[in-house]
Amino acid sequence: MNIDDIASFRNLLNAYYECRRGKRNQESADRFELNYESEILKLQRELLNQTWQPLRPFCFVITDPKIREIHAADFRDRVVHHALCRLLIPVFEPGFIDDSYACRTGKGTHKCLYRLKSFIRKVTRNYTRPAYYLQGDILSFFNSINHDILLNLLTEKVKSPDLISILERIITLESIYNPIKRGQLSLFDKIPRHKSLFYAPHNQGLPIGNLTSQFFANVYLNKLDQYIKYHLRIRYYIRYVDDFIILENDPEVLEN
């Protein structure tokens with residue numbers, strides 16, 4: 001897989017079709033759609049000659065279910081994100097464990113809950129013996145992702161220097177510190193500093209809201225999954241993004 005595969009007209013066109021679902025009537029989407037074939041050809045040229053650069057993202061704050069800062073890429077950049085994920089995900093998927101959920105086909109919230117219920121029945125032998133659980137997450141996960149570590153993980157399977165260069169531009173994204181703020185601006189003051197990408201240390205942090213960030217999260221935490229499942233040999237382990245649960249009959253195992 002190389003940049004020619006990602007930048008093929010067919011792949012970019014299919015990425016555009018995926019990206020526009022539910023995104024119509026947005027300014028950047030409408031602007032792209034007016035001449036989408038020309039825009040796709042322009043994107044193709046930029047990707048092939050390595051002149052593509054991400055545009056300023058949009059930033060806003062949501063409050064449901066909890067307050068958080070969202071950074072959303074411009075529509076034309078989201079087309080690139082989809083084009084990348086269309087071909088990268090099949091390469092990385094076989095290396096993921098079955099019990100990591102979210103941002104994977106057929107592995108949404110309900111499938112995760114069904115699997116957890118199944119684990120509960122097994123560990124308790126149909127509720128005939130006690131069991132215990134450890135629930136954990138990673139503090140400020142997306143803001144804590146180290147760019148160098150992520151790029152090293154990606155290069156384990158992506159060998160094209162041109163493709164790595166595109167991925168690096170998305171991951172480092174210096175323009176993220178100068179986004180176009182939208183919505184109720186006073187809400188930005190309510191975001192804790194450790195949860196805001198504006199205050200993330202240099203070479204660290206990914207924006208919540210991009211398809212690539214969701215994919216990168218699974219690549220980044222796959223090492224945790226492999227360690228828990230195959231080094232610690234934990235049988236009943238489930239991860240949903242950065243939230244995870246381990247079930248055991250012995251509470252000392254969970255304490256350790």
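## The largest cavity

In this predicted model, helix α10 (211-231) makes the greatest contribution to the lining of the largest cavity, supplying three residues. Helix α5 (75-92) joins α10 among the elements that each give at least two residues to that lining. The lining comprises 14 residues in total, and those lying nearest the centre of the cavity are A73, H81, I170, L173 and N210. Sorted by class, nine of the lining residues are nonpolar, four are polar and one is charged. The space enclosed is about 90 Å³, and a search of the whole structure finds three cavities of 30 Å³ or more.

H81, one of the residues nearest the centre of this cavity, is placed in helix α5. Is H81 buried or exposed? With a relative accessibility of 5%, H81 counts as buried, because the cut-off for that class is under 20%. When neighbours within four places in sequence are set aside, the contacts of H81 are with A73, I170, N210, L211 and T212; of these, A73, I170 and N210 are also listed among the residues nearest the cavity centre.

## The largest pocket

The largest pocket holds about 590 Å³ of space and is lined by 24 residues, of which K66, R68, F142, I208 and D242 lie nearest its centre. Its lining divides into 11 nonpolar, six polar and seven charged residues. Strand β2 (68-72), helix α7 (141-144) and helix α10 each supply at least two residues, and the largest share, three residues, comes from α7. Helix α10 therefore appears in the lining of the largest cavity as well as in that of the largest pocket, if the cut-off of an atom within 4 Å of a grid point is applied to both.

S213 lies in helix α10 and, at 2% relative accessibility, counts as buried. Once residues up to four places away in sequence are left out, S213 touches F142, L206 and P207, and F142 is itself one of the residues nearest the centre of the largest pocket. The C-alpha atoms of S213 and F188, which are 25 residues apart along the chain, are separated by 21 Å.

## Helices α2 and α6

Helix α2 (residues 9-20) contains 12 residues, and the distance from its first C-alpha to its last is 16 Å, close to the 16 Å expected at 1.5 Å a residue. Within α2, the buried residues are N11, L12, L13, A15, Y16 and C19, and they pack against α1 (3-6), α3 (27-34), α4 (36-48) and α5. Helix α5 is thus a packing partner of α2 and, because it supplies at least two lining residues, also a part of the wall of the largest cavity.

Helix α6 (residues 109-123) has 15 residues, which should span 21 Å at 1.5 Å a residue, and its end C-alpha atoms are indeed 21 Å apart. Which residues of α6 are buried? They are C112, L116, S118, F119 and V123. Seen down the helix axis, these buried residues fall within an arc of 160 degrees, so they line one face of α6. The residues H110 and Y114, on the other side of the helix, are exposed. The buried residues of α6 pack against three strands, namely β3 (100-101), β6 (237-240) and β7 (243-248).

## Backbone geometry

Most residues other than glycine have a negative phi, and most peptide bonds are trans. Several positions in the model depart from these habits. Just after α6, R125 takes a positive phi of about 50 degrees. N126, which is not a glycine, has a positive phi of about 55 degrees and lies in the loop between α6 and β4 (132-137). N126 is exposed, with a relative accessible area of 54%.

S140 also has a positive phi, near 45 degrees, and is found in the loop between β4 and α7. Unlike N126, which is exposed, S140 is buried, with a relative accessible area of 15%. The peptide bond that joins D64 and P65 is cis, with omega at about 5 degrees, and P65 belongs to the loop between β1 (58-62) and β2.

Definitions and conventions: Residues are numbered from 1 along each chain as its sequence is written. This is a predicted model: local features need pLDDT of at least 70, side-chain atom pairs count only at pLDDT 80 or more; totals for chains, interfaces and linings use all residues. Side-chain values use heavy atoms; hydrogens and water are left out. On a 1 Å grid over the protein atoms alone, a cavity is a set of points where a 1.4 Å probe fits but cannot get out, and a pocket is an open set with protein on both sides within 12 Å along at least five of seven lines; lining residues have an atom within 4 Å of a point. Grid points are joined across faces, edges and corners, and a volume is the space filled by probe spheres set on the points. Helices (H or I, at least four residues) and strands (E, at least two) are DSSP runs, numbered from the N terminus. Ala, Val, Leu, Ile, Met, Phe, Trp, Tyr, Cys and Pro count as nonpolar, Asp, Glu, Lys and Arg as charged, and the others, Gly among them, as polar. The expected span of a helix is 1.5 Å times one less than its number of residues. Buried means under 20% relative accessible area, exposed over 50%, partly exposed in between (1.4 Å probe, protein chains only). Contact means heavy atoms within 4.5 Å. The arc is that of the directions from the helix axis to the C-beta atoms.
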